[in-house]
Amino acid sequence: MDKFLFKFLSNAGAGFVYKMLRKKNITLNGKKATGKEMLSENDRIVLFFSDETIEKFSKVTNENHSPEEYIRAYHSLQGIEILYEDTDILVLNKPAGILSQKATPSDQSINEWAIGYLLANKSQAVKELNQFKPSIANRLDRNTSGIILCGKSLLGLQYLNQCTKERLADKFYRTISVGKIQEGCTIEGYLAKDEQKNKVQISATSKEENAYIKTALLPLQYNQDFTYLEIQLFTGKTHQIRAHLASIGHPLIGDAKYGIEKINQRMQTRFQLKHQLLHAHRVVFPAKFAFIHQKKFEEISSRLSEKEIVAPLPLQFQQITEALF
């Protein structure tokens, strides 16, 4: 549903679309929607907007749809690394500080960079952009680095969305948390988002608006003060890793929203760390038999079956790890 809305309201930006979904100004079949629903024939989407608002956000303009805009993003955004590419899939390593998707029409994000890259390398004919735009299939916070999955073709994007929806691909993150965690464990809880503060709360009990979350922790190195962790996500909710670790007394270093201010100040003074230290480190694609009932994915799933792709740690992350452990 969100992909459809991004195309229909092409000038609005993802932040606006999700805000309208949360406020129930956009509904699906008369009910509140998150944007993650799979659309079917005869579904009814209603937008409670004025005619002027719809015209403003859906009007096609040369600026927002010109190849030159994407090429500019490709040349201006620095440090993005291509980890894997085939005819349908593009896997990128996003540096901290770059948006996954633009929040306002004037933003540049890794999504625009990917389209610009394909245009610059003649991988995507300009005329095809009116029918299908390559798009990312997962989002990272602006200051979280690491793996971004992008569908170059419609089939590739559908494959990645299916992996995400069904939790078929295993995703692993790296971080350094405050305090000592000696043994691996799996933690569960329920997450509720405070829309005004753009912050989430974790609780042990389920309520109507709460989303179930599950996070696995594996300590790689530790001492009395810090733990270097690999984290596997079984669910993927807003700020899940950051808030979940903070809720058990082990916030991420550098995290201004959920962390410990005194420790964050020390990290900034010593390492110039100005954001949460969190990196989407690797992804393992599912075995091809996971799509036994999806014949259209047969070629892609055979190509990517059990393939592991790793995003190298940023230099700053490596330097902090070496210094602390």
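Student: Which residue in β3 is the bridge partner of isoleucine 26?

Tutor: Ground rules before the answer: this is a predicted model, where local features need pLDDT of at least 70, side-chain atom pairs count only at pLDDT 80 or more, and totals for chains, interfaces and linings use all residues. Residues are numbered from 1 along each chain as its sequence is written, and side-chain values use heavy atoms, with hydrogens and water left out. Strand β1 (residues 26-28) and β3 run antiparallel, joined by three bridges; strands are DSSP runs of E with at least two residues, helices are runs of H or I with at least four, and both are numbered from the N terminus. In β3, the partner of isoleucine 26 is leucine 47.

Student: And which are the edge strands of that sheet?

Tutor: Three strands make an open, antiparallel sheet in the order β2-β1-β3. Two strands pair if DSSP finds at least two bridges between them. Pairing on one side only are the edge strands, β2 (31-32) and β3 (45-47).

Student: Moving on to β4 and β5, which residue in β5 stands opposite isoleucine 82?

Tutor: Strand β4 (residues 81-85) pairs with β5 in the antiparallel sense, over four bridges. The two form a hairpin, with three residues between them. Opposite isoleucine 82, in β5, stands leucine 92.

Student: Which helix gives the most to the largest nonpolar core?

Tutor: A nonpolar core is a set of buried Ala, Val, Leu, Ile, Met, Phe, Trp, Tyr and Cys residues joined through side-chain atoms within 4.5 Å. The largest one here has 46 residues, and Leu92, Tyr159, Tyr173, Ile241 and Phe285 have the most contacts inside it. Among the elements that each supply at least two of its residues are β5 (89-94), β7 (145-151) and α7 (154-165). The top contributor, with five residues, is α6.

Student: How many of the residues of α6 are buried?

Tutor: Buried means under 20% relative accessible area, exposed over 50%, and partly exposed in between (1.4 Å probe, protein chains only). The buried residues of α6 include Ile110, Trp113 and Leu118, and the buried set packs against α5 (67-76), β4, β5, β6 (135-136) and β7. The helix is largely enclosed by the rest of the structure, because the buried count out of its 11 residues is 10.

Student: Which residues of α6 is leucine 92 in contact with?

Tutor: Contact means heavy atoms within 4.5 Å. Leaving aside neighbours within four places in sequence, the contacts of leucine 92 include Ile80, Ile82, Leu83, Gly146 and Ile148. Also on that list, and among the buried residues of α6, are Ile110, Trp113 and Ala114.

Student: Now α8: which residues there are buried?

Tutor: Helix α8 (residues 240-247) is largely enclosed by the rest of the structure, since six of its eight residues are buried. Those buried residues pack against β8 (170-178), β9 (185-194), β10 (199-203), β11 (211-222), β12 (226-233) and β13 (278-284). The buried ones are Gln240, Ile241, Arg242, Ala243, His244 and Leu245.

Student: What is the angle between the planes of phenylalanine 4 and phenylalanine 8?

Tutor: Both lie in helix α1 (residues 2-8), four residues apart, about one turn of the helix. Rings of Phe, Tyr and Trp (its six-membered ring) pair if their centres lie within 6.5 Å; planes under 30 degrees apart count as stacked, over 60 as edge-to-face and the rest as tilted. The structure has 14 aromatic pairs, and this stacked one is 6.2 Å centre to centre, with an angle of 0°.

Student: The charged end of arginine 282 sits over which ring?

Tutor: A charge sits over a ring if NZ of Lys or CZ of Arg is within 6 Å of the ring centre and within 35 degrees of the ring normal. Lysine 214 does this with phenylalanine 234, 4.8 Å from the ring's centre. For arginine 282, at 3.8 Å from the centre, the ring is that of phenylalanine 172.

Student: Last one: how far is the sulfur of cysteine 150 from the closest cysteine sulfur?

Tutor: Cysteine 150 is buried, at 0% relative accessibility. The whole structure has zero disulfides, a disulfide being a pair of cysteine sulfur atoms within 2.5 Å. The closest sulfur, in cysteine 163, is too far for a bond, because the distance is 14 Å.
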